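Q: Could you take one part of this structure and look at it closely with me, going step by step and then following its residues outward? I would like a connected account rather than a list.

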Amino acid sequence: MRNKIGRNDPCPCASGKKYKKCCLLKDASQETKTIRNMAGVLYGPMEAGEKDDFLNRFLFQNLEIKPFLVPKEKRLEFDRDYDSFLQNLTEAKTVKKLALEKIGFHKKELATGQDGKITGSQININHPIDLELNIFFKDFFIRGAMATERLSWLLDHWFGYNISFLFTDDEKKFEKGASSFKLKRDDPRFLILDSFVKSHREGWYSTFKDLRNKIEHQGFRLPQIKHRLDQNGRVEAVFPQFGQQTIEEVLEILWENLSRLCEEIFIFITSLELKPPYIIWQIPEEKRFQHNWARYKVAIPEYPEAKVGTS
């Protein structure tokens with residue numbers, strides 16, 4: 001191992017001069033040049049794959065569809081806009097995961113006796129999670145709403161489909177939006193899109209929207225987590241519930257619906273812009289691994305599994 005050379009030490013080049021008056025500047029210059037010539041930074045992979053194919057689906061489906069709809073010289077710009085939508089959706093998924101992990105961590109600490117010590121008739125919780133759980137829970141709705149709004153902007157800006165009116169309960173806003181939409185009201189494709197969004201709006205989306213409004217405008221927060229002794233005398237947490245559903249169930253259900261809604265709307269709208277003979281083909285579940293777990297690809301009707309390309 002080479003010892004560090006001091007500034008006043010004899011220069012290792014045997015010139016007889018001190019290092020600072022000889023090769024120090026040359027070595028520093030070479031080190032700077034090496035840093036400048038580095039190719040870049042390699043970061044570890046984000047979660048993706050068969051178990052959690054969210055990112056794979058959205059990334060590879062965009063790579064599959066984009067060349068057929070966006071001119072080559074504008075694809076980087078499109079990628080930046082698409083990435084901002086995907087970033088919001090990924091952040092919603094991330095805070096959902098953090099909320100579930102926080103709940104699981106607290107349950108484990110109680111189960112193993114690391115927290116929830118009993119002194120006399122008092123339960124002591126040394127690591128409460130209410131604050132962090134509230135942050136993650138509320139941020140899920142904020143990020144999710146940002147994702148749907150950004151998706152609406154993306155589809156309008158690049159393809160001319162402003163879908164925001166489909167999510168409103170205001171009849172006047174719906175009529176105004178429908179009157180300027182690219183598809184006519186009696187177009188079967190409009191009826192399919194409207195019916196699809198309406199089924200989501202009347203189901204989970206109403207809960208999502210209601211909670212998001214309460215979070216942003218009414219100071220909503222989760223009720224405090226309670227603690228009690230179970231039948232075996234062990235401390236357990238009693239988490240807030242939404243009807244008969246736990247926080248974990250609510251977040252998982254809303255995430256599955258939110259990600260699927262964004263995916264299906266993006267695929268449907270982009271399919272409207274494809275020129276014949278191309279279509280969007282839904283890949284059979286058992287063959288998705290061949291396509292990096294993407295659910296959809298551009299295809300030709302007669303040969304849906306054949307690889308198609310464009311310039």
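A: Helices, of at least four residues in DSSP class H or I, and strands, of at least two in class E, are DSSP runs that are numbered from the N terminus. This is a predicted model, and the part to look at closely is the place where helix 4 packs against helix 7.

Two packed helices are described by the angle between their axes and the distance between the axes. Helix 4 covers residues 130–159 and helix 7 covers residues 204–217, and they pack at an angle of about 115 degrees with their axes 9 Å apart. Since angles of 65 to 115 degrees count as roughly perpendicular, helix 4 and helix 7 are therefore roughly perpendicular to each other. The crossing of these two helices is left-handed.

Where they meet, helix 4 contributes F137, K138, F140, F141, I142, G144, A145, T148 and E149, while helix 7 contributes Y205, F208, L211, R212, I215 and E216. Sorted by character, the residues of this contact are nine nonpolar, two polar and four charged.

One of the helix 4 residues in the contact, F137, deserves a longer look. With a relative accessible area of 0%, F137 is buried, because buried means under 20%. Setting aside residues up to four places away in sequence, F137 touches L211, F220, L222, F242, I247 and L251. Among these partners, L251 lies 114 residues from F137 along the chain, yet the C-alpha atoms of the two are separated by 8.1 Å.

Another residue of helix 4 in the contact, F140, leads on to the largest nonpolar core. In soluble globular proteins, nonpolar side chains tend to be buried together. The largest nonpolar core here has 73 residues, and L89, F140, I265, F266 and I269 are those that touch the most other members. Helix 8, residues 247–273, gives this core its largest share, with 14 residues. If we follow F266 and leave out residues up to four places away in sequence, we find that F266 touches I65, F78, Y82, L151, L154 and L155.

From L154, one of the residues that F266 touches, we can step across to D81, which also touches L154. D81 is found in helix 3, residues 75–111, and its relative accessible area of 12% means that D81 is buried. Besides L154, the residues that D81 touches, beyond those up to four places away in sequence, are R150, W153, H157 and W158.

For contrast, consider two residues with greater exposure to their surroundings by the same kind of value. F60, in helix 2, residues 54–69, is partly exposed at 30% relative accessibility. Apart from its neighbours within four places in sequence, F60 is in contact with N292 and A294, and F60 and H291, although 231 residues apart in sequence, are 8.0 Å apart in space from C-alpha to C-alpha. A14, at 69% relative accessibility, counts as exposed, and its place is in the segment before helix 1, which covers residues 24–36. The backbone of A14 has a phi near 70 degrees, a positive value in a residue other than glycine.

A last backbone detail follows helix 8: P277 is in the loop between helix 8 and strand 7, and the peptide bond from P276 to P277 is cis, with omega near 10 degrees.

Technical notes:
Residues are numbered from 1 along each chain as its sequence is written. This is a predicted model: local features need pLDDT of at least 70, side-chain atom pairs count only at pLDDT 80 or more; totals for chains, interfaces and linings use all residues. Side-chain values use heavy atoms; hydrogens and water are left out. Axes are lines fitted to C-alpha atoms, for helices over the stretch in contact, and angles run from 0 to 180 degrees between N-to-C directions. Angles under 35 degrees count as roughly parallel, over 145 as roughly antiparallel, 65 to 115 as roughly perpendicular and the rest as oblique. A crossing is left-handed if the near helix is turned anticlockwise from the far one by less than a right angle, and right-handed if clockwise. Contact means heavy atoms within 4.5 Å. Ala, Val, Leu, Ile, Met, Phe, Trp, Tyr, Cys and Pro count as nonpolar, Asp, Glu, Lys and Arg as charged, and the others, Gly among them, as polar. A nonpolar core is a set of buried Ala, Val, Leu, Ile, Met, Phe, Trp, Tyr and Cys residues joined through side-chain atoms within 4.5 Å. Buried means under 20% relative accessible area, exposed over 50%, partly exposed in between (1.4 Å probe, protein chains only).
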